[in-house]
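Student: I should like to take a close look at a single part of this protein chain. Could you please guide me through how helices pack there and how the residues around them are placed?

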Amino acid sequence: MMKEKIKKTGAVILFTAAYAFGALMLMSEFYDEYLLWFIFSAVMYVAEVIISVFTKVKPLSFFFCIVFLSLAAIVYDLIYPDNYFLLITYALVFLAFRAGFLLIDFIRLKKYRLIPLSLVLCGCFFFVSSNTEALYREYTELVVGTADRTSSWGAINQIIERQEGWKQIVNNSPFTLGEIAEETDENGWVRQYSTGRTFPETDGSTVCVPMAMEFARQHLGFDDENVRDFVDFSTTHYAYENLITERDDLYGCFTYDGKYMVSYKREPIDLVIATHPSDDELETAKAAGVELLLEPVCYDAFVFITHKDNPVESLTVQQVKDIYSGKIKNWRDVGGNNEKIRAFQREKNSGSQTAMERLIMGGADMIDPIEIKVVEGMGALVDAVAEYENQTASLGYTYRYYIDNLYKNDEIKTIAVEGIYPTDENIRNGSYPYTTNYYGVIRKEDEGERAGEFLKWILSEEGQKCVGQAGYITMK
């Protein structure tokens, strides 16, 4: 009896030591992520084999699996939160197999009263495993953030309405939607479209959505509800692609002239209101033989954000660059707590990532972005850049207009640069180091067409008043 207890105690100690070793390996920064996974998995299976050999009552190991896998999940999430989904998947698969063996163990040991317990556990693991994708989607949306959405409305958590004191500035506009006509496609679907349209077909960055909504109110007379349907921006990168390729397969819906248009065929995009195009987008335009004409239409500030409880209030230009080039890794080196800086980035070719590369890094190499595993389609896993996770050790970047008007979060704060905060005055006079613009962009060949004429209007005194009424800092 005593010998059996010693064996069981030894097995538990070995099992605990194995998990401790795995945790220590995970803390090490000298191993590649995939090698760590191999080592961690190998250690867990070795521990299981040890317990199976030294313990006659095999179900005991199952309960130790639950305890130690839970502890390992917590430790791993604290150290590598961006790969949390991998650990969840691994743990569920491991425990599901163990639950199956538990059923066999109970039958073999003639513990028939416990068989229903094993069946319940197997059912629970099957249910959780089958819903892992949905659970992870909810987790990434609420906590981590996923890569750029396919529509700007997915990145806005505020209701955009005309401001108090709103005025009708434009009268007798030359820019209209023309007359509504219909066509039937090869599948028998009736598509509505406009003829004689002079209002440009627009697309752009999320941060420019309110500006486009104001233009639609002023020229087309849309109310706040219908203008939301009309302004369907696809985010920066896709907007530039649509402009360059002149796609003619875009559809949308909105209310016009008292009739609800269930579906309408959009004309090729001929005006983009967005942040500056990336090098890739400019190269795409060049390869397509398209020359882009860019005109700044307003000012804004490119800002850095962190958790409100982070004691750091300001960074220098050099410190920002050193953080994102990997030279500075700890907040204590810039006057903060002794915490490793979690410097988040955006996905390639997003508006803010392009600004980061152009304004801040100036061609210098950036550290590898923090990545998460995002589920797409039928269980496929892809790497996606995490946009921002609000912790005291986190650092991210965005545009001031965006966090002030489109996606508010009371738990974050803006960090000054060189002791200068991005106020309206500091942005307009250029004293804030990272002052930037939003642009009206058209194809050069369309300068004399409706897109070019509308761009001229945006830069006019009347157009700039509309830009200002939408809450942006005007050029004039």
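Tutor: What follows is a description of two helix pairs and of three single residues in loops and strands.

The model is predicted. Before the details, a general picture of the protein chain is useful. The secondary structure comprises 16 helices and 15 strands. The protein chain has 476 residues, of which 49% count as buried. About 23,700 Å² of the protein chain is exposed, and carbon and sulfur atoms supply 56% of that area. Among contacts between residues at least 6 apart in sequence, 73% join residues at least 24 apart.

Let us begin with the part formed by helix 15, residues 450-459, and helix 16, residues 461-469. Two packed helices are described by the angle between their axes and the distance between the axes. For helix 15 and helix 16, the angle is about 70° and the axes are 4 Å apart. Angles of 65 to 115 degrees count as roughly perpendicular, and helix 15 and helix 16 are therefore described as roughly perpendicular to each other. On the side of helix 15, the contact involves Trp457, Ile458 and Leu459. Their partners in helix 16 are Glu461, Glu462, Gly463, Gln464, Cys466 and Val467. Sorted by class, the residues of this contact are five nonpolar, two polar and two charged.

Helix 16 leads us to Ala470, which is placed in the loop between helix 16 and strand 15, residues 473-474. Is Ala470 buried or exposed? Its relative accessibility is 9%, and residues under 20% count as buried; Ala470 is therefore buried. Leaving aside neighbours within four places in sequence, Ala470 is in contact with Gln163, Pro210, Met211, Glu214 and Tyr401. Arg162 and Ala470 are 308 residues apart in sequence, yet their C-alpha atoms are 7.4 Å apart in space.

A second pair of helices may be set beside the first. Helix 11 covers residues 317-325 and helix 12 covers residues 351-361. Their axes come within 10 Å and cross at roughly 125°. Helix 11 and helix 12 are therefore oblique to each other. Their crossing is left-handed. Helix 11 contributes Val320, Lys321, Tyr324 and Ser325 to the contact, while helix 12 contributes Met356, Ile360 and Met361. These residues divide into five nonpolar, one polar and one charged.

Two serines complete the account. Ser394 belongs to strand 12, which spans residues 394-399. With a relative accessibility of 0%, Ser394 counts as buried. Apart from residues up to four places away in sequence, Ser394 touches Ile305, Thr306, Trp331, Arg342, Phe344, Tyr388 and Glu389.

Ser431, by contrast, is found in the loop between helix 14, residues 424-428, and strand 14, residues 435-443. The relative accessible area of Ser431 is 32%, so this residue is partly exposed. Not counting residues up to four places away in sequence, Ser431 touches Ile420 and Asn426. Glu418 lies 13 residues from Ser431 along the chain, and the C-alpha atoms of these two residues are separated by 9.8 Å.

Definitions and conventions: Residues numbered from 1 in each chain as written. Predicted model: local features only at pLDDT ≥ 70, side-chain atom pairs only at ≥ 80, totals over all residues. Heavy atoms only, no water. Axes fitted to C-alpha atoms, helices over the stretch in contact; angles between N-to-C directions. Parallel < 35°, antiparallel > 145°, perpendicular 65-115°, else oblique. Left-handed = near helix turned anticlockwise from the far one by under 90°. Contact = heavy atoms within 4.5 Å. Nonpolar A, V, L, I, M, F, W, Y, C, P; charged D, E, K, R; others polar. Buried < 20%, exposed > 50% of the residue type's maximum accessible area, 1.4 Å probe, protein only. Areas by Shrake-Rupley, 256 points an atom, 1.4 Å probe, with all protein chains shown as cover.
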